[in-house]
Amino acid sequence: LRAAVYEFQYLPVLQELAAARDRGVDVRVIVDSKTPHYSTQRRGFTPNGPKHINEWAIERSGLQDCVIPRSQPHSAICHHKFVLVLRDGAPVALWTGSTNFKAGGLFGQLNVGIVCRDQHVLEKFHSYWDVLSRDPPPDQLRMTCEGLT
């Protein structure tokens, strides 16, 4: 499994991923991990994402060895929400949508999720995940996205 997520906090989902890892599934999840930054407008530190709650849930579920923190760019959130299913290293299915992996995203908001099995789309997402996993700076990621589209 290869995933990229913004809010990664709903323990039952994280625990299922940990159980999959324990069964031998290769699980890798890119997670928003931006540090708070100082805002001169607000005159204080503002969170630039759900880093602290994500880290708590990751530790609580024991998934630290599966997580790849995404810290670039510092000025924007890592708002991804997709999961790729791989078989023998090749993508066979994709889930994506607007749903964050937290209780409010799953049960409290009107979100959508879709499953895709189109090989062309799967390969694009897989290539994107590979680049994203290296936490590239914005300019490099932008060039990659332009090349994929």
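Reader: Which residues does I30 touch, leaving out those up to four places away in sequence?
Author: In this predicted model, I30 touches A3, A4, V5, I68, R70, W129, L132 and S133. I30 itself belongs to strand 2 (residues 28-32). The C-alpha atoms of I30 and A4 are separated by 4.5 Å, although the two residues are 26 apart along the chain.

Reader: Why is I30 called buried?
Author: The relative accessible area of I30 is 0%. Buried means under 20%, so I30 counts as buried.

Reader: And what makes K51 buried, given that K51 is found in helix 2?
Author: Happy to set the value against the cut-off again. K51 has 14% relative accessibility, and the limit for buried is under 20%, so K51 counts as buried. The residues K51 touches, not counting those up to four places away in sequence, are D32, S33, K34 and T35.

Reader: What share of the chain is buried?
Author: Buried residues make up 42% of the 149 residues.

Reader: Let's turn to the rings. How many aromatic pairs does the structure hold?
Author: There are five. One of them joins F8 and F101, with 6.2 Å centre to centre and 45° between the planes.

Reader: Why is the pair of F8 and F101 called tilted?
Author: Planes under 30 degrees apart count as stacked and over 60 as edge-to-face, with the rest tilted. The 45° between the planes of F8 and F101 falls in neither of those two ranges, so the pair is tilted. The centres also meet the pairing limit, because 6.2 Å is within 6.5 Å.

Reader: Where do F8 and F101 lie in the chain?
Author: F8 is in the loop between strand 1 (2-5) and helix 1 (11-22), and F101 is in the loop between strand 7 (90-97) and helix 3 (103-108). The pair links distant parts of the chain, 93 residues apart.

Reader: How do you know that W95 and F101 are edge-to-face?
Author: Their planes are 70° apart, and over 60 counts as edge-to-face, so the name follows. Their centres are 5.9 Å apart. F8, W95 and F101 form one aromatic cluster.

Reader: Why does W95 count as partly exposed, while F101 counts as buried?
Author: W95 has 23% relative accessibility. Partly exposed lies between buried, under 20%, and exposed, over 50%, so W95 counts as partly exposed. F101, at 11%, is under 20% and therefore counts as buried. F8 is buried too.

Reader: Which residue has its charged end over the ring of W129?
Author: R2 does, with its charged end 5.4 Å from the ring centre.

Reader: What makes helix 4 roughly antiparallel to helix 5?
Author: Two packed helices are described by the angle between their axes and the distance between the axes. Here the axes of helix 4 (residues 119-132) and helix 5 (residues 138-148) come within 11 Å and cross at roughly 170°. Angles over 145 degrees count as roughly antiparallel, so that name applies to helix 4 and helix 5.

Reader: Which residues make the contact of helix 4 with helix 5?
Author: Helix 4 contributes K124, S127, Y128, V131 and L132, and helix 5 contributes L141, T144, C145 and L148. By type, the residues of this contact divide into six nonpolar, two polar and one charged.

Reader: Finally, what pattern does the chain follow along the sequence?
Author: The order is β-α-β-β-β-α-β-β-β-α-β-α-α, which comes to five helices and eight strands. Among contacts between residues at least 6 apart in sequence, 65% join residues at least 24 apart.

Key
Residues are numbered from 1 along each chain as its sequence is written. This is a predicted model: local features need pLDDT of at least 70, side-chain atom pairs count only at pLDDT 80 or more; totals for chains, interfaces and linings use all residues. Side-chain values use heavy atoms; hydrogens and water are left out. Rings of Phe, Tyr and Trp (its six-membered ring) pair if their centres lie within 6.5 Å; planes under 30 degrees apart count as stacked, over 60 as edge-to-face and the rest as tilted. Helices (H or I, at least four residues) and strands (E, at least two) are DSSP runs, numbered from the N terminus. Buried means under 20% relative accessible area, exposed over 50%, partly exposed in between (1.4 Å probe, protein chains only). A charge sits over a ring if NZ of Lys or CZ of Arg is within 6 Å of the ring centre and within 35 degrees of the ring normal. Axes are lines fitted to C-alpha atoms, for helices over the stretch in contact, and angles run from 0 to 180 degrees between N-to-C directions. Angles under 35 degrees count as roughly parallel, over 145 as roughly antiparallel, 65 to 115 as roughly perpendicular and the rest as oblique. Contact means heavy atoms within 4.5 Å. Ala, Val, Leu, Ile, Met, Phe, Trp, Tyr, Cys and Pro count as nonpolar, Asp, Glu, Lys and Arg as charged, and the others, Gly among them, as polar.
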